[in-house]
Structure formats: structure tokens, C-alpha cells
Amino acid sequence: MERGSTFRETLATTMKHERRWKSKSSSQTSITSLIMALLSCLACLYVAGRLWQDAENRTLLANLLQKNTGQPPKVLTLEDKLMVLGCKDLERRIVEAEMDLTLAKSQGYLKKQLERGGSSSDKRFLAVIGVFTGFGSRLNRNMYRGSWMPRGDALKKLEDRGVVIRFVIGRSANRGDSLDRNIDEENRRTKDFLILDDHEEAQEESPKKAKFFFSTAVENWDAEFYVKVDDSINLELEGLIETLESRRGQNSAYVGCMKSGDVITEEGRAWYEPDWWKFGDEKSYFRHAATSLLILSKNLARYININSVSLHAFAHDDISVGSWMMGVNATYIDDTRLCCSSSNKDKVCSLA
């Protein structure tokens, strides 16, 4: 009897604990459900608000279009939205810029071409010949003035024939020093210099000097051709003028003694090229006119003038000019009469 009574008490106690646990579990489940329902309501309210705001924005854009165009509302296209954002004006300016660029290319790479532009003379010349010289080359200059290069009144008469000749030089690194003053004094007497005020005269700056020469010459004289000459050669001037006369009207002409050769990659050697790695695995220069004497037609010189800021200069001026010509539709003309070191009897130049 005692055992039966004890069993019944134990069973009753167990059932009581189970009922308490189930009650607690049911209560926790109800709280979780309430929290989830509240979060769901908040999410629905957020989505509904965003949809309402988007609908308001569309209505506003449609009203603006209707007010500006006088047309009934329609489904907004990308073009409509660009119009609202003011991009139509940008599109118009891009089209105008493309038209200006097309016109510039048809007129020799100039953005705006007047009959004479900013040149210092209204006369049309056959050629501008720039003889590259340096601060230490005074003896060479005097020698050329006494031989192939006219001076004084003879120089002016040559210009009347349509040919301008100038010694080309930059400025000293120490502006206004004795080097600059000596050149200024020499120019006052001879009046045969083209002084590049924005260029620093130095051997390592010769590629930039070529860029400055063509740009400055184009701005000062309107000519058929622009000729770069080293002061280490003698010219047969009449022969050169005859060659230039025979090529009148040849637009995009790049004339010279064409050559190529190996790129020097070892620093310290003569003709070392710091940008040697840009010339490929073969380490060979592209075809280009030799530095002693090269000729560019008017539109090619103008191309250099317009794009001078962005044109890269290599270590040597002839390579630099050749690289600039590769980017345009230049006509390469290999004229053996311009090979100064050759044995050609018809050549118009020789090594001094």
C-alpha cells in the first residue's frame, strides 16, 4: 500500500512539472511570434513608403516634361531623363567639337585657320631654313656667313625670293647671363637669329629644340616647307632651293635621307637611348630622316605646333621627329641628295 501511494505521488509531481514547462514554452513562442509580426509590419511599411516615393518622383518628372514640352505625360525614356538633367547641351557641344576637329584636319591640323593667322608677315614663303647652333659655335656661324649663307642685304634679297634662313638657338639656363647677352649682341649686328626664348639651350635638350623650332617658325612665317639643318654641314643653297621648288604642293611631305639603325641600350655609350625598351625585342629604330637635314611640309609642321605639349621627345631629335610623323598620314620621301655623308655628286649638303 505504501509503495502504491508513493508511486502515485511521484507521478503527480512529474505531471505537474511537465505542465509548468509546457506553459513556459508556450509563453516564449507567443512572444517570438509577436516580435516577428511586428518586424514584418515595419518591413511592409518601409517598402510601401519607398514605392510611394518613387511614384511621386515619376509623377514630378512627368509634370515637368508636360510643362516644358506641352505634350501629355508619357512613359519616361532614358532620353527624357537626360533632357531633364541638362545633358542635351553637353551633347550639342560634343557634336560641335567633332565638327571643329574635322574642319581642323581638313585645313592642316589647325583649330582655326585664317589666311595668315598669327604670322609676322603677310608674305608667302617657299621655305624657312633653321640652322641649329649653340653658344660655342660662333666661329662656325661666321664661316657659314662667309660661304653659303647670305648676310646683310643679300639675306633680305633671298627673303624676297621666298627663302628665310635663321640660326636657331635657345636661352641659357642662367637667363640673362653673358651667353644670352653675347647672342643678343650678335643678333643686333647680323639680324639672322631665331631665338627660342622658351627653350633652354643644352645638348640633351635638342629633341625639344626641334619641337620649339617648328612651332615658332610656323607662327612667324607662312611657308611651303620648314627645314631643319645642323651647323655641322655645308649647304649647296641653290641646289636645296631647286629641290624645294620641285616639291611645291606636296602636302604631308616628310623629306630626308631616310635611315634606321640599332638602338643603343647601354648607358654611357654614345647615342644611348633611355627609352630603348619602347623599341621592341629587336631594338631597332623605325625609318626616319637623318638629323643633318630634314624637311617638313607646312601641315606637318603645324601638326607639331598644335600638339607640341603632348608629343614625346626621345633622346635624339631625328628619332623624335620620326616618331611624331608615325602618328599622322605623312608621305615619307627618301631623297639621296640630302644624304650629306654620301658620295652622291648631286647632293645638296656635305659634312663641314
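Here are four short exercises with worked solutions on the structure above.

This is a predicted model, in which local features need pLDDT of at least 70 and side-chain atom pairs count only at pLDDT 80 or more, while totals for chains, interfaces and linings use all residues. Residues are numbered from 1 along each chain as its sequence is written, and side-chain values use heavy atoms, with hydrogens and water left out.

**Exercise 1. The disulfides**

Task: Find the disulfides and state the handedness of each.

Solution: Start with the chemistry: a disulfide is a covalent bond between the sulfur atoms of two cysteines. The rule used here accepts a pair of cysteine sulfur atoms within 2.5 Å, and by this rule the count is two.

Take Cys257 and Cys339 first; their sulfur atoms are 2.0 Å apart. The torsion about their S-S bond is about 95 degrees, so this disulfide is right-handed. Cys257 lies in strand 6 (residues 253-259) and Cys339 in the loop between strand 8 (331-334) and strand 9 (349-351), so the pair ties together parts that are 82 residues apart in sequence. Helices (H or I, at least four residues) and strands (E, at least two) are DSSP runs, numbered from the N terminus.

Now turn to Cys340 and Cys349, with sulfur atoms 2.1 Å apart. Their S-S torsion is -100 degrees, and the link is left-handed.

Last, check the surroundings. Both Cys257 and Cys339 are buried, and so are both Cys340 and Cys349. Buried means under 20% relative accessible area, exposed over 50%, and partly exposed in between (1.4 Å probe, protein chains only).

**Exercise 2. The sheet**

Task: Work out in which order the seven strands of the open sheet lie.

Solution: Reading across the sheet gives 3-2-1-4-7-6-8, with mixed pairing. Two strands pair if DSSP finds at least two bridges between them. At the edges are strand 3 (193-200) and strand 8, each pairing on one side only.

Next, zoom in on one pair. Strand 4 (residues 222-230) and strand 7 run antiparallel and are joined by five bridges. Phe225 stands opposite Ser297 of strand 7.

**Exercise 3. The largest pocket**

Task: Describe what lines the largest pocket.

Solution: Begin with the term. On a 1 Å grid over the protein atoms alone, a pocket is an open set of points where a 1.4 Å probe fits, with protein on both sides within 12 Å along at least five of seven lines; lining residues have an atom within 4 Å of a point.

The lining has 26 residues, and Gln203, Ser206, Trp271, Thr291 and Asp317 lie nearest the centre. Helix 7 (206-220), strand 7 (288-297) and helix 10 (317-326) each supply at least two lining residues. Helix 10 gives the largest share, three residues.

**Exercise 4. Positive phi**

Task: Place Lys191 and Trp271, and decide whether each is buried or exposed.

Solution: As background, most residues other than glycine have a negative phi.

Lys191 has a phi near 55 degrees, a positive value. Its place is the loop between helix 6 (178-190) and strand 3. Lys191 counts as exposed because its relative accessibility is 58%.

Trp271 has a positive phi too, near 65 degrees. Trp271 is in the loop between strand 6 and strand 7, and its relative accessibility of 64% makes it exposed. You have met Trp271 already, among the residues nearest the centre of the largest pocket.
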